[in-house]
Amino acid sequence: MAGTVSIGAQYFDEIREDDCFYIDKTGFIKEWWENKDKVTLITRARRFGKTLAVSMPGLLLFSEACRQGGSV
């Protein structure tokens, strides 16, 4: 069953917990990560998912650090 379309959700963990519809941006995140740029300017229209796209790697990195017993 498809998730609900969430309006205003900005954090990946909220969307997953609430089983909301999400457009996967992992390809963009992988490309961004592999570029190893010191600064990234993400220019997109309002409500395009910029905050959400940036919160996803943060959540993934935090989860990995926790699994390895480290602190963030």
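1. In this predicted model, E34 and K30 form a salt bridge in which the closest N and O atoms are 2.9 Å apart. The two residues lie four positions apart in helix 2, so that about one helical turn separates E34 from K30. A search of the whole structure finds one salt bridge, and E34, one of the residues that form a salt bridge, is partly exposed, with a relative accessible area of 49%.

2. Helix 2 also holds I29. With a relative accessible area of 10%, I29 counts as buried, because that value falls under the 20% limit used for burial. I29 is separated from M56 by 27 residues in sequence, while the C-alpha atoms of I29 and M56 are 8.6 Å apart in space. Over the protein chain as a whole, buried residues make up 17% of the 72 residues.

3. As to the overall fold, the secondary structure of the protein chain comes to three helices and zero strands, and reading along the sequence gives the pattern α-α-α. Helix 1 covers residues 12-17 and helix 2 covers residues 26-35, whereas helix 3 covers residues 50-67.

4. The loop between helix 1 and helix 2 is the place of F21, and F21 belongs, together with V5, I7 and I23, to a nonpolar patch on the surface. The accessible area of V5, I7, F21 and I23 together is about 490 Å². Membership of such a patch requires over 30% relative accessible area and no salt bridge, so I29, at 10% and buried, would not meet the area criterion.

5. The second largest pocket deserves a separate comment. The space in the second largest pocket comes to about 240 Å³, and 15 residues line this pocket, of which F28, T40, I42, T43 and R44 are the closest to its centre. Helix 2 and helix 3 each supply at least two residues of the lining, and the most is given by helix 2, with four residues.

6. What is the make-up by class of the lining of the second largest pocket? The lining has six nonpolar, four polar and five charged residues. Helix 2 therefore appears in several of these points: the helix holds both E34 and K30, about one helical turn apart, it is the place of I29, and it gives four residues to the lining of the second largest pocket.

Note on methods: Residues numbered from 1 in each chain as written. Predicted model: local features only at pLDDT ≥ 70, side-chain atom pairs only at ≥ 80, totals over all residues. Heavy atoms only, no water. Patch = residues over 30% accessible without salt bridge, like charges linked within 9 Å, V, L, I, M, F, W, Y side chains within 5 Å. Areas by Shrake-Rupley, 256 points an atom, 1.4 Å probe, with all protein chains shown as cover. Salt bridge = Lys/Arg side-chain N within 4 Å of Asp/Glu carboxyl O. 1 Å grid on protein atoms, 1.4 Å probe; cavity = no way out; pocket = protein on both sides within 12 Å on 5 of 7 lines; lining within 4 Å. Points joined across faces, edges and corners; volume = space filled by probe spheres on them. Nonpolar A, V, L, I, M, F, W, Y, C, P; charged D, E, K, R; others polar. Buried < 20%, exposed > 50% of the residue type's maximum accessible area, 1.4 Å probe, protein only.
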